[in-house]
Amino acid sequence: MTLLVLLLSVAAAGAAFAFGRALAAPIEGLTRSAEAIAEGERHALLPPPSGREVRRLTRAFESMRRSLEDRHY
């Protein structure tokens with residue numbers, strides 16, 4: 001019984017880690033792109049969005065990037 005609980009706990013921890021990475025990866029990509037844009041790379045490409053919230057955030061970043069790109073300094 002103890003072995004079963006241990007195995008289920010390890011499986012649950014592995015699944016939680018994988019799920020967490022799947023959620024964090026798109027945000028990390030957007031963060032890297034936003035940092036590049038902030039450093040002056042106005043043509044930086046944004047990663048392809050996944051998930052409703054990330055798609056909305058990506059559209060907002062793309063709009064901001066285009067606005068900065070259109071400005072003449």
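Reader: Hello! To start with one residue, is L45 buried or exposed?

Author: The general idea is a percentage of relative accessible area: under 20% is buried, over 50% is exposed, and partly exposed lies in between, using a 1.4 Å probe and protein chains only. L45 has a relative accessible area of 76%, so L45 is exposed. Before we go on, a word on the source: this is a predicted model, where local features need pLDDT of at least 70 and side-chain atom pairs count only at pLDDT 80 or more, while totals for chains, interfaces and linings use all residues. Residues are numbered from 1 along each chain as its sequence is written, and side-chain values use heavy atoms, with hydrogens and water left out.

Reader: Thank you. Where does L45 lie?

Author: Helices here are DSSP runs (H or I, at least four residues), as strands are (E, at least two), and both are numbered from the N terminus. L45 sits in the loop between α1 and α2. You can also follow a distance from there: the C-alpha atoms of L45 and D70 are separated by 15 Å, and these two residues are 25 apart along the chain.

Reader: At what angle do α1 and α2 pack?

Author: First, how to read such a value: axes are lines fitted to C-alpha atoms, for helices over the stretch in contact, and angles run from 0 to 180 degrees between N-to-C directions. In this model, the angle between α1 and α2 is about 10°, and their axes are 11 Å apart. That makes the two helices, α1 and α2, roughly parallel, a label given to angles under 35 degrees (over 145 is roughly antiparallel, 65 to 115 roughly perpendicular, and the rest oblique).

Reader: Which residues of α1 and α2 make the contact?

Author: Contact means heavy atoms within 4.5 Å. On the α1 side you will find P26, I27, L30, A34 and I37; α2 brings V54, L57, T58, F61, R65 and L68.

Reader: Let me pick L57. Which residues is L57 in contact with, leaving aside its neighbours within four places in sequence?

Author: Good choice! L57 is in contact with I27 and L30 once those neighbours are set aside. L57 belongs to helix α2, which spans residues 52–70. With a relative accessible area of 34%, L57 is partly exposed.

Reader: Now the charged residues. How many salt bridges does the count come to?

Author: Side chains of opposite charge can pair when their charged atoms come close. The rule asks for a side-chain nitrogen of Lys or Arg within 4 Å of a carboxyl oxygen of Asp or Glu. By this rule there are three salt bridges. One of them joins E28 and R21, with the closest N and O atoms 3.2 Å apart. E28 is partly exposed at 32%, and R21 is partly exposed at 37%.

Reader: Which residues do shared salt-bridge partners join into one network?

Author: Look at helix α2. R65 and E62 form a salt bridge, their closest N and O atoms being 2.5 Å apart. These residues, R65 and E62, are three apart in α2, so about one helical turn separates them. E62 also meets R66 in a salt bridge of 3.4 Å, N to O. E62 and R66 are four residues apart in α2, which means a separation of about one helical turn. Sharing partners in this way, E62, R65 and R66 form one network. Both R65 and E62 are buried, whereas R66 is partly exposed at 46% relative accessibility.

Reader: And at the start of the chain, is M1 buried or exposed?

Author: M1 counts as exposed, at 79% relative accessibility. M1 is in the segment before α1, the helix of residues 2–38. Patches use residues with over 30% relative accessible area and no salt bridge, joining like charges within 9 Å and nonpolar side chains (Val, Leu, Ile, Met, Phe, Trp, Tyr) within 5 Å. Areas come from the Shrake-Rupley method with a 1.4 Å probe, and for residues only the protein chains shown count as cover. Here M1, L4, V5 and L8 make a nonpolar surface patch of about 460 Å².
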